[in-house]
Amino acid sequence: MAAKSFDVIVIGAGPGGYVAAIRAAQLGKSVAIVEREHLGGICLNWGCIPTKALLRSAEVFHLMHRAKEFGLKAENIGYDLDAVVKRSRKVAGQLSGGIGHLMKKNKITVVMGAATLPAKGKVSVKTDKGTEELSAPNIILATGARARELPGLEADGDLVWTYKHALQPKRMPKKLLVIGSGAIGIEFASFFNTLGADVTVVEVMDRILPVEDEEISNFARKQFEKQGMKIIAKAMVKKLDRAAPKVTAHIERDGKTGTMEFDTVISAVGIVANTEGLGLEALGAKIDRSFVVTDQYCRTGVEGLYVIGDATNGPWLAHKASHEGVMVAELIAGGHPHAVDPSSIAGCTYCHPQVASVGLTEAKAKEAGYQVKVGRFPFIGNGKAIALGEPEGMIKTIFDAKTGELLGAHMVGAEVTELIQGYVVGRQLETTEEDLMNTVFPHPTLSEMMHESVLDAYGRALHF
Ligand SMILES: Cc1cc2nc3c(=O)[nH]c(=O)nc-3n(C[C@H](O)[C@H](O)[C@H](O)COP(=O)(O)OP(=O)(O)OC[C@H]3O[C@@H](n4cnc5c(N)ncnc54)[C@H](O)[C@@H]3O)c2cc1C
């Protein structure tokens, strides 16, 4: 049977793939999208969205415990873990279903099955009913990634979990070890800690959330420790001895190995791209530690083959995947889009307190040779933060002392994952310190701290 032909075939329907498909269809292209599991990818089904639904339950639970502080009464506070998980799965299902409607609305052909690339411009899909052959001059690979598993620390779904198990826990851990303190590890640590588990985080680097500005990650650590979390940095989990219902972790620190016992372990040690077995190497694409090597326009060097999202260079975030999807669709349609600038992509961690940042940390700015001006503003100096009962947090801004360019912004505290976008827009518009100082921020809002932090960098803070 002849292959069905399209202008564009997208492989993988996560936030990279489905957004690329929509944009290509908007630009008048005939588009097919191939997905082997769920529309919406990891993000909607097993990542961004269901974790935020779980964390929202934890946040409400935390606030219920603080009811008295707000003049309210809440007695016999408790939770039903199954109902918390059910809500999270329902939210994920609702959004995944929504992608199906978007595909229909944009007249995109959806093919459910696992794709391979047998030759240039060809896609072979193993579906329930057999193999379907498709062809297109442009193929966008957006196959995403999965949890990385280290030898000896592999998940078994019972005592040792990946994020997928942790998103639908069968039981509430009593004594939980989280290996890795990146965004995923810290979000689960925060969720289970808030619900009452005794949580220990082990991080191989010298501090948690190691990509964040050092001051912010130290601030976050103090807050987590106040909440009862234990953090062991500069340490490595070497081995797990599993003997249900216990796991003994062998943890090496300062050249010495000790043991600690847990009932559950979450391994959050990074991701591996879904790029094997597709036929990429035979086509001439280069792969570096599972990630496909691309240029700044997501081109692979193989004519008509683009790779976006978690299957290629970081940062491995949903909004980066989507933005690359739009960029590649426009490139295919003959446009001249700007390349995605990783230094203007915000990173957010939805733990309690939240952490968010964009651009260079203070250390990285200095390393790059900038003379910097640094501003800081604490939540305790902000009326809205006090009214909300959220006085713990800070906003730090870093400017190039010579030009006034906003090099980086770093935040920890309530709702900072919503605030950070203000600085992202500022960077996109190439604003200087002066523009930001002359901007009027509404009162009373947490965003006033963004203004004050900028003012502080130039010795002009008003409320501290
Ligand atoms: C627990 C967790 C929390 C996260 N939280 C956030 C967050 O808050 N914010 C954020 O920005 N990012 C977050 N992320 C990261 C985010 O999920 C990813 O960056 C994003 O999903 C990447 O999008 P993608 O389109 O590249 O790939 P994916 O979302 O992984 O989608 C890839 C799709 O391709 C399909 N596929 C793979 N191989 C094939 C094949 N051969 N044939 C057909 N289909 C195939 C897969 O089934 C999948 O549906 C989180 C991740 C995890 C695990």
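**Ligand surroundings, second pocket and backbone features**

Of the 38 residues that surround the ligand, those that come nearest are Gly16, Glu35, Lys52, Asp310 and Ala318. The model examined here is a predicted one, and the values reported below were computed from its atoms.

Several polar contacts to the ligand were identified. Glu35, one of the nearest residues, places a polar side-chain atom 2.6 Å from a ligand oxygen atom. The backbone also takes part: a polar backbone atom of Arg36 is 3.2 Å from a nitrogen atom of the ligand, and a backbone N or O atom of Trp316 lies 3.2 Å from a ligand oxygen atom. Taken alone, the ligand exposes 1,000 Å², and 94% of that area is buried by the protein. Two or more residues of the surrounding shell are given by each of β3 (31-35), α2 (41-46), α3 (48-65), β5 (114-116) and α9 (318-332). Among these elements, α2 provides the largest share of the shell, namely four residues. In terms of residue class, the shell around the ligand comprises 20 nonpolar, 13 polar and five charged residues.

The second largest pocket was examined in a similar way. Its volume is about 760 Å³, and 30 residues form its lining. Glu59, His62, Cys351, His352 and Glu390 are the lining residues that lie nearest the centre of this pocket. At least two lining residues are supplied by each of α3, α6 (183-194) and α12 (416-428). The greatest contribution to the lining of the second largest pocket is made by α3, with eight residues; α3 also gives two or more residues to the shell around the ligand. The lining of the second largest pocket divides into 11 nonpolar, 11 polar and eight charged residues.

Across the whole structure, the search returned 25 salt bridges. One of them pairs Glu330 with Arg23, with a separation of 2.8 Å between the closest N and O atoms. This pair links distant parts of the chain, since Glu330 belongs to helix α9 and Arg23 to helix α1 (residues 17-26), with their positions 307 residues apart in numbering. Helix α9, which holds Glu330, is also among the elements that give two or more residues to the ligand shell.

Attention was then given to the backbone geometry of individual loops. The peptide bond joining Gly314 and Pro315 is cis, with omega about 0 degrees. Pro315 is situated in the loop between β21 (305-307) and α9. A cis peptide bond is also found from His443 to Pro444, where omega is near -5 degrees. Pro444 lies in the loop that runs between α13 (433-438) and α14 (448-457). Arg289, a residue other than glycine, has a positive phi value, near 45 degrees. The position of Arg289 is in the loop between β19 (287-288) and β20 (291-292).

Technical notes:
Residues numbered from 1 in each chain as written. Predicted model: local features only at pLDDT ≥ 70, side-chain atom pairs only at ≥ 80, totals over all residues. Heavy atoms only, no water. Near = heavy atom within 4 Å. Polar contact = N/O pair within 3.5 Å; in protein donor to acceptor, adjacent residues only side chain to side chain. Areas by Shrake-Rupley, 256 points an atom, 1.4 Å probe, with all protein chains shown as cover. Nonpolar A, V, L, I, M, F, W, Y, C, P; charged D, E, K, R; others polar. 1 Å grid on protein atoms, 1.4 Å probe; cavity = no way out; pocket = protein on both sides within 12 Å on 5 of 7 lines; lining within 4 Å. Points joined across faces, edges and corners; volume = space filled by probe spheres on them. Salt bridge = Lys/Arg side-chain N within 4 Å of Asp/Glu carboxyl O.
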